[in-house]
Amino acid sequence: MNYPQEDIKPYSTEGKKDEQVRRMFDNIAGTYDKLNHLLSFGIDKIWRKKAINILKLSAPKTVLDVATGTGDFALQAYEMLTPDKLIAVDISEGMMDVGRQKVTAAGLSDKISFQYEDCEALSFKDDTFDAITVAFGVRNFADLKTGLKEMLRVLVPGGHLVILELTTPAHFPMKQMFTIYSKVVIPALGKSLSRDSSAYTYLPNTIKVFPQGEVMQGILEETGFTKAEFKRLTFGICTLYIATK
């Protein structure tokens, strides 16, 4: 079964989505952090903290950060959880190069490692990680269920998955305000600050059609996760999903 966001591609209806997404993130890597914090008014840092706090009780020793981008979630997760090993993976070397620079500057190069991975065909053995984190990445998967199954596979039994994803508010007036913001403000800022204006048209479009709330919870359960639940943050602009293997 295809989900609507799987058919949305950054540049063209032709060609593979993962290749286009890789090229898009390589293109915007240099301005991504600035735009991301600007577009979220810095609230994204609070969202990440809430997600990582969920994992504190289980004190994971091995953590995988999927679709790590420039490594913000990986850095914050290490600072809050201090696992023995944290591996950050992505398909965009351009984004990870920015992450590597940040990790080096923080003196954590021996604690956090980056590596290229296709999130839908991870190279790790079964039952490897105590926890997996994903921030604002699953809606870019070419095949959502395949990506979720891979994360389930490499989690240890009893391990936890936490996902942060941007979502569309359901109620007035935030729903109407977010529609204007995503259709007008995000593309305009993206065009003015990034050399790839297509990216900031593509990204809002994926938010609009991505499975949300109860639907996403159901997909997690269908994939094989247990204890799947979700919590809407900041009037539904972001949603936190939690699930267990």
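The second largest pocket of this predicted model has a lining made of T168, F178, T179, S182, K183, P187, T201, P204, N205, I207 and K208. Two helices take part here: α6 and α7 each supply at least two of the lining residues. Sorted by class, the lining holds four nonpolar, five polar and two charged residues. The space inside this second pocket comes to about 170 Å³.

Let us turn to the largest pocket, which has a volume of about 900 Å³. Its lining counts 48 residues, and those nearest the centre are Y32, N36, F136, R139 and L166. Two or more lining residues come from each of α1 (17-39), α2 (44-56), β1 (62-66), α3 (72-81), α6 (174-193) and α7 (199-209). Among these elements, α1 is the top contributor, with eight residues. The helices α6 and α7 thus appear in the lining of the largest pocket and also in that of the second largest.

Here are the two pockets side by side.

| Pocket | Volume | Nonpolar lining residues | Polar lining residues | Charged lining residues |
|---|---|---|---|---|
| Largest | about 900 Å³ | 30 residues | eight residues | ten residues |
| Second largest | about 170 Å³ | four residues | five residues | two residues |

Next comes the protein interior. The largest nonpolar core has 32 residues, and W47, L86, I112, F136, L164 and L240 make the most contacts inside it. Helix α3 provides the largest share of this core, six residues. F136 is a residue to look at twice: it is one of the residues with the most contacts in the core, and it is also among those nearest the centre of the largest pocket.

What does L240 touch, once its neighbours within four places in sequence are left aside? The contacts of L240 are K50, A51, I54, V162, I163, L164, E229, F230, K231 and L233. A second core, separate from the first, has 30 residues, including V66, V89, F225 and A243.

Finally, the strands. Is β4, residues 129-135, mostly covered or mostly open? Strand β4 is mostly covered, with six of its seven residues buried. On one pairing, β4 runs parallel to β1 over four bridges, and I132 of β4 is the bridge partner of L64. On another, β4 runs parallel to β5 (residues 155-166), joined by six bridges. In that pairing V134 has I163 of β5 as its bridge partner. I163 also belongs to the contacts of L240, which is a handy link back to the core when you trace the strands on screen.

Definitions and conventions
Residues are numbered from 1 along each chain as its sequence is written. This is a predicted model: local features need pLDDT of at least 70, side-chain atom pairs count only at pLDDT 80 or more; totals for chains, interfaces and linings use all residues. Side-chain values use heavy atoms; hydrogens and water are left out. On a 1 Å grid over the protein atoms alone, a cavity is a set of points where a 1.4 Å probe fits but cannot get out, and a pocket is an open set with protein on both sides within 12 Å along at least five of seven lines; lining residues have an atom within 4 Å of a point. Grid points are joined across faces, edges and corners, and a volume is the space filled by probe spheres set on the points. Ala, Val, Leu, Ile, Met, Phe, Trp, Tyr, Cys and Pro count as nonpolar, Asp, Glu, Lys and Arg as charged, and the others, Gly among them, as polar. A nonpolar core is a set of buried Ala, Val, Leu, Ile, Met, Phe, Trp, Tyr and Cys residues joined through side-chain atoms within 4.5 Å. Buried means under 20% relative accessible area, exposed over 50%, partly exposed in between (1.4 Å probe, protein chains only). Contact means heavy atoms within 4.5 Å. Two strands pair if DSSP finds at least two bridges between them.
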